[in-house]
Amino acid sequence: MNNLKQVTHIDNVKMSEDGTAVIIIDQTKLPAKTDYLTLRTARDIYDAIFELKVRGAPAIGICAGFGIYVLAKSIETGNYEDFYSRFRQYQEYLNSARPTAVNLSWALRRMEQVVVKNRELGVEKILELLEQEALHIRQEDMEMCRAISEYGLSLLKDGDGILTHCNAGPLATSRYGTALGPLFLGKERGMEFHVFADETRPLLQGARLTSYELYKAGIDVTLICDNMASLVMKNGWIQACLVGCDRVAANGDTANKIGTSGVAILAKHYGIPFYVLGPTSTIDLSCKTGADIEIELRSPDEIKKKFYEQPMAPEEVKCYNPAFDVTDHTLIDAIVTEKGICRAPYTESLAALFH
Ligand code: MRU
């Protein structure tokens, strides 16, 4: 396998052969080490999602699908009512790990539907169907990412300078990624891009994961601090911004990693197209606007201590650490999905995807 394929086809979330565990790459250890973790219990799976060992909206959804199957399998009863009640408890627990990325609740609800709709078939058969559904979720994600990569690539030209924020590559999905997908696909076809990766404070997904994936695939990548984005845009080095998404509201307002909305505002100022790329599973029409999206708040320690040898601020200092922000739909030039490229007015173009 060449390096490019090693990156785009990485199995970062999979099920153990006997179906009793979810196996993930611990993304908090990258790029220094590629450690695999075996998740067997509800607590293992919850912690892996909460601590961002597995992260990125689609990858979280895939992990939740496999995870709830593994937990369902461990329920020792043949009685449907008891089984469903335990299933719901696991579902609620896993769903509480992170609130913003809709793929978590989406995948869990999809799995729950299998349980509800096949009640008459009995627990043993339901378990079989749950396994198939979890595998479908991953398979569909692979196909969606590939299609998003094709549509995204149609918006770019050979030699373009690209700015990206956070990590929306293969590690955040199943294959190729969403925002990074067009770059890998273009590389496969002999195109060259010059990518500027925001380091993405405070958890450094851009530095630890995006620059690592692109570099390993042989794509020209330059790491910058988040506050350097304006300068590289002003220098004329950026022809397009590509970002992923954690939840897209019906009007196109998009929640993505904290700092994304700032990039969009800068892009507007410099007249650079700003594209959001994500599967339709990340679109949540039940949220009318971005104001309906719950934003995850995380520990101050991630800002003050996490990646430092010693604390970088006094213990008592107040700290505000939202994990996501919402980019206003007016700043977004297109939302690229596996079903096509949506343009404003998004209330119409996004709704049309579901008809
Ligand atoms: O907190 P994270 O690392 O899970 O945040 C991830 C992002 O914001 C990604 O851009 C998003 O999930 C899209 S991944 C294809």
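**A tutorial on a predicted model**

Tutor: About 200 Å³ of space lies in the largest pocket of this structure. Please keep in mind throughout that the model is predicted.

Student: Which residues line the largest pocket?

Tutor: The lining consists of V102, W106, R109, R110, E140, M144, T280, S281, I283, D284 and F354.

Student: Which elements each supply at least two residues of that lining?

Tutor: They are α5 (102-117), α6 (123-153) and β11 (283-284). The largest share, four residues, is supplied by α5.

Student: What makes up the lining of the largest pocket by class?

Tutor: There are five nonpolar, two polar and four charged residues in the lining. Because Asp, Glu, Lys and Arg count as charged, R109, R110, E140 and D284 in the lining belong to the charged class.

Student: R110 is one of the lining residues. What joins the side chains of E133 and R110?

Tutor: The two side chains are joined by a polar contact of 2.8 Å. The cut-off for such a pair of N or O atoms is within 3.5 Å, and therefore 2.8 Å qualifies on distance.

Student: Where is E133 found, and why is E133 called buried?

Tutor: E133 is part of helix α6. Its relative accessibility is 17%; buried means under 20%, so E133 counts as buried.

Student: How does one know whether T210 is buried or exposed?

Tutor: The relative accessibility of T210 is 0%, and the residue therefore counts as buried. T210 belongs to helix α8 (residues 205-216).

Student: With which side chain does the side chain of T210 make a polar contact?

Tutor: The partner is the side chain of N167, at 3.1 Å. Again the value lies within 3.5 Å, so the distance condition for a polar contact is met.

Student: Let us turn to the strands. What makes the pairing of β1 and β2 a pairing at all?

Tutor: Two strands pair if there are at least two bridges between them. β1 and strand β2 (residues 22-25) have three bridges, in the antiparallel sense, so the condition is satisfied. Within β2, I23 is the bridge partner of K14.

Student: In what order do the three strands of that open sheet lie?

Tutor: The order is β1-β2-β3, with antiparallel pairing. β1 (13-15) and β3 (36-39) are the edge strands, since each pairs on one side only. From one strand to the next, the twist averages 25°.

Student: With which strands does β13 pair, and in which sense, parallel or antiparallel?

Tutor: β13 pairs with strand β10 (residues 274-277) in the parallel sense over three bridges. With strand β14 (residues 340-342), β13 pairs in the antiparallel sense, also over three bridges. V336 of β13 stands opposite L277, and V336 also stands opposite I341 in β14. The connection from β13 to β14 is a hairpin through two residues.

Student: What makes one say that both faces of strand β13 (residues 334-337) are covered?

Tutor: A334 and V336 on one side, and I335 and T337 on the other, are all buried. Each of these residues therefore has under 20% relative accessible area.

Student: What is notable about the phi of Y176?

Tutor: Y176 has a positive phi of about 65°, although it is not a glycine. Most residues other than glycine have a negative phi. Y176 lies in the loop between β4 (161-164) and α7 (181-188). At 6% relative accessibility, against a limit of under 20%, Y176 counts as buried.

Student: What is the phi of T200, and why is T200 called buried?

Tutor: The phi of T200 is near 70°, a positive value in a residue other than glycine. T200 has 0% relative accessibility and so counts as buried. The residue is placed in the loop between β5 and α8.

Student: P202 is found in the loop between β5 (194-198) and α8. How do you know that the peptide bond from R201 to P202 is cis?

Tutor: Its omega is near 0°. A344 and P345 are likewise joined by a cis peptide bond, with omega about 0°; P345 is in the loop between β14 and α12 (346-353). Most peptide bonds are trans.

How values were computed: Residues are numbered from 1 along each chain as its sequence is written. This is a predicted model: local features need pLDDT of at least 70, side-chain atom pairs count only at pLDDT 80 or more; totals for chains, interfaces and linings use all residues. Side-chain values use heavy atoms; hydrogens and water are left out. Axes are lines fitted to C-alpha atoms, for helices over the stretch in contact, and angles run from 0 to 180 degrees between N-to-C directions. Buried means under 20% relative accessible area, exposed over 50%, partly exposed in between (1.4 Å probe, protein chains only). On a 1 Å grid over the protein atoms alone, a cavity is a set of points where a 1.4 Å probe fits but cannot get out, and a pocket is an open set with protein on both sides within 12 Å along at least five of seven lines; lining residues have an atom within 4 Å of a point. Grid points are joined across faces, edges and corners, and a volume is the space filled by probe spheres set on the points. A polar contact is a pair of N or O atoms within 3.5 Å; within protein, one must be able to donate a hydrogen and the other to accept it, and residues adjacent in sequence count only if both atoms are side-chain atoms.
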